[in-house]
Each structure stands twice: as structure tokens, then as C-alpha cells.
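Subject: Structure handover

Hello,

Here is the structure for you to pick up. My notes on it follow below.

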Amino acid sequence: MNSYSLFVSCPRGLETILNQELVTLGCEQIHNRDGGIALTGDLASVYKINLHSRVASRVLIRLTTGHFRNENEIYQLARKICWPEWFDVDKNFKIHIEGKQAQINSLNFAALKVKDAICDVFRDKTGRRPSIEKFRPDIRIHVFIEKNEISVYLDSSGEALFKRGYRSDTGEAPLRENLAAGLLLLAGYNGSQPFMDPFCGSGTLAIEAALIATGTAPGLERAFGFEKLNNYNDNLWQQLRRAAQAAIHQPSAPIFGADIDSRLIRLAQDNARYAGMEQYIQWQVTDALDTRPNGKNGIMISNPPYGVRLSEIQLLHALYPQLGSWLKQHFAGWLIGMFSADRDMPKLMRLSPKRKIPLFNGNLDCRLFLLDMVAGSNRQKEHKA
């Protein structure tokens, strides 16, 4: 089986978690990069990462890399790739280009040169050229330019991997599924601990917790870009899917999600049903401060609301001391993870995090604050106060 140079992208800050996943999947020559992992892998590796990785964003197959001095050399580099080996002329495609200190006048012009090269290769081979499709392309091509070096990749994932296929709402999700899974894994959640999210919104954290707790591969219910490629091996893919299906098991600890907004809880229930996880999660419409632990020594991960307008921020800052008291009073022995863009959150909760992990939620610079709620000591301090 052919070996490929791969780049698996992920949200910045989750590279270490992704590395651990790839080791578990038996991948080799793994090298951490900013925003992902470079590695070597065969077709089975490509399929397994797409199917099983909880934190990856895309699995890219590198077709070429090289230096250039001008746009014509970019064209020549892309022209040397035997595109018809990868996909047929009747498939449409889209080019996504990114640059970092790119020594070039226009990234869009560079993308145009790659597009021209692809079309010319097909025209020479078949007498026809494939068409461009901006919205739902069969084939996605990624071009990265750093200074005067260009790399061209084929996207094996298709839609980004955070799109598991269970989200019923079409609105922009406040927390992407792979970031939610990353928060859980950074906190050490493995499904053996009781789990709670008292600010659950549309339920992403609780659903990702249920997928982890049941050993359900996150890519089981979706389609992938590699199914449109000429090297697609359906027997291998179906064999990997069957093995993933057989690995699903009952969770060993309870999972709970709550929100004060009944509309969001209905949405969370819908999403859990589409994910096939509805029977594993208990939902409740309630104020966070009225929730109580669903077991001992559990893990709570939450993405509490954070204000944009000044009036909202002032309201939240008034809530934080109450949150701190509630956690100290009821959650001794638990690990608490609060994910927020508000750096003052732990201080205002009057709690000291054991770890502050920098992560990005889209372009928003956030922190995952991990807090150990120690039995006894916090209660004594509060009693003295």
C-alpha cells in the first residue's frame, strides 16, 4: 500500500492531544507543528484518522512541495502533478489558499495559477477540463505558501471533521465539536467519570462526552472527501467502519447537561438524538446554581456565557463569586474545567486554577481553566469566612 506525506490540522492548542490520538491509531513518523501534525501514513491511516480522530480538523495528503521565485514557477510545480491519477475530469474542485509571510503579490493570483495548471493537465490528457465549484466541491485542494515555499495538498476529509453530522441547527455553533472533544480530553475525561455541563447550550460538550464514553467513532455517520478519489478502497473503508461499529459499548458513568433556556435544551435533545446518544444523557432545564453532582469524583467542563457588551460583562462578574461558592459547597472531589475568553474569571470566582491552557475558539483567544475542588479545605475556608 502506498505511503503518503500527511498533514492533520487541528485547533491551535490541541496538537498534543492529536499526537496522542495518532499514536493510538498506530501512525508513524509523527511531528508536531503549529496547528497540526505532520506524519507518514498509508490509505488505512487516512481512513482511520478521518473516522476516529475527535480533535482533527482535516486530513491532507501532500502532492508536492517546492521553492518558487515567481507565479510561473508555481504553475510549473502544480503542472507536474498527475491530477487525473487522483480524480476524474467529471469531478468539480475548489482551491483553498493560505499564506504566511508569502513572498508573492497576490494569493488569489497564485491560486489561479494552480487552477490553470490542473485544467491544462486534464485538457492534455482527456481533451476536457474539470469545472470549479465553490460551495460543495467533490475535490478540495489546499495550497500553503510560506515565504517562497509552496505545498499543495489534497483534502481527504471533504467537509471539516468537526461537522459530525448530528447538529440540527444551521446557526453558527458557539463551540465546534472537535474543540469540545479537545476540552474533555485535556481534562482527562475518558468516560469512566461522571460528567456534567451546567451551561450546556445546544449540548455539544455532553454529546462529545457521550461519544467518548461509548467509544463511538465521531466520523461514523458522515461522508468523506476520500470517497470521491480514484484510489478509494471501499472494501478497506467498510472493514474499518464495521470494526468501529463493533467497538461501541455502554457508558460506565452518568452524563448530564443543563441550561436555563428550555429552547436550547430542546435543541440539545435533538442533537443528541441525531448523534444516537439520547439514551445516555440526562437533560434538565434549570439554573446552573441549582444543579448538583451526578456522582463522586466527576468532571465538569463548561463554556459559560461571556459578555461582549459592558452591561453583560458586569452581570457575569456579579455571577462569578456565586459560581465559586456553589462549586466549593457542592463539588468537592470534582475536577472543574471552565472555558472562557474572560481572563479574570478564576480570580472573580475566588478560585486558583491548577492549569490555564491557551486555546482559540474561532478567532477568540480563550483559556481552559482547570480547577481541583479539594474536599474539606475549601469548605473550612468558607466556614471561617
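Start with Asp138. Beyond its neighbours within four places in sequence, Asp138 is in contact with Asp90, Lys91, Asn92 and Lys228. Keep in mind that this is a predicted model. With Lys228 there is a polar contact, side chain to side chain, at 3.2 Å. As for location, Asp138 sits in the loop between helix H5 (107-126) and strand S6 (139-146).

Strand S6 leads into the first sheet I want to describe.

Sheet with S6

This is an open sheet of 7 strands. Its order is S2-S3-S1-S4-S7-S6-S5, and the pairing is mixed. Strand S2 (28-33) and strand S5 (93-100) are at the edges. Each has a single partner strand, so one side of each has no neighbour in the sheet. On average, neighbouring strands here are turned by 30° against each other, direction ignored.

How many bridges join S5 to S6? There are 8, and the two strands run parallel. Within S6, Arg140 stands opposite Lys94.

Two helices lie across strands of this region:
- Helix H1 (residues 15-24) crosses strand S1 (4-9), S2 and strand S3 (36-41), and runs at about 170° to S2.
- Helix H2 (residues 43-52) crosses S1, S3 and strand S4 (58-67), and runs at about 130° to S4.

Sheet with S11 and S12

Another open sheet of 7 strands has the order S10-S9-S8-S11-S12-S14-S13. Pairing is mixed here too. The edges are strand S10 (281-285) and strand S13 (355-361), each pairing on one side only. Neighbouring strands are turned by 20° against each other on average, direction ignored.

Inside this sheet, strand S11 (residues 299-302) and strand S12 (residues 335-340) run parallel and are joined by 4 bridges. Which residue in S12 stands opposite Ile301? That is Gly337.

Two helices pack on the sheet:
- Helix H6 (residues 177-186) touches strand S8 (195-197), S11, S12, S13 and strand S14 (364-372). The direction of H6 makes about 170° with that of S13.
- Helix H7 (residues 204-213) touches S8, strand S9 (255-259), S10 and S11. The direction of H7 makes about 165° with that of S10.

Pocket

Now the open space. The largest pocket has a volume of about 1700 Å³. Its lining counts 48 residues. Which of them lie nearest its centre? They are Phe7, Ser9, Gly35, Glu98 and Phe144. Phe7 and Ser9 fall in S1 (4-9), Glu98 in S5 (93-100), and Phe144 in S6 (139-146). By class, the pocket lining has 18 nonpolar, 15 polar and 15 charged residues.

Cavity

How many cavities of 30 Å³ or more does the structure hold? The count is 1. The largest cavity contains about 30 Å³ of space. Asn50, Ser53, Leu161, Arg164, Pro218, Gly219, Arg222 and Phe224 line this cavity. By class, that lining divides into 3 nonpolar, 3 polar and 2 charged residues. Asn50 belongs to helix H2 (residues 43-52).

To recap for your setup: the pocket has a volume of about 1700 Å³, and the cavity has about 30 Å³. The Asp138 to Lys228 side-chain contact is at 3.2 Å.

Over to you.

Best wishes

Conventions:
Residues are numbered from 1 along each chain as its sequence is written. This is a predicted model: local features need pLDDT of at least 70, side-chain atom pairs count only at pLDDT 80 or more; totals for chains, interfaces and linings use all residues. Side-chain values use heavy atoms; hydrogens and water are left out. On a 1 Å grid over the protein atoms alone, a cavity is a set of points where a 1.4 Å probe fits but cannot get out, and a pocket is an open set with protein on both sides within 12 Å along at least five of seven lines; lining residues have an atom within 4 Å of a point. Grid points are joined across faces, edges and corners, and a volume is the space filled by probe spheres set on the points. Ala, Val, Leu, Ile, Met, Phe, Trp, Tyr, Cys and Pro count as nonpolar, Asp, Glu, Lys and Arg as charged, and the others, Gly among them, as polar. Two strands pair if DSSP finds at least two bridges between them. Axes are lines fitted to C-alpha atoms, for helices over the stretch in contact, and angles run from 0 to 180 degrees between N-to-C directions. Contact means heavy atoms within 4.5 Å. A polar contact is a pair of N or O atoms within 3.5 Å; within protein, one must be able to donate a hydrogen and the other to accept it, and residues adjacent in sequence count only if both atoms are side-chain atoms.
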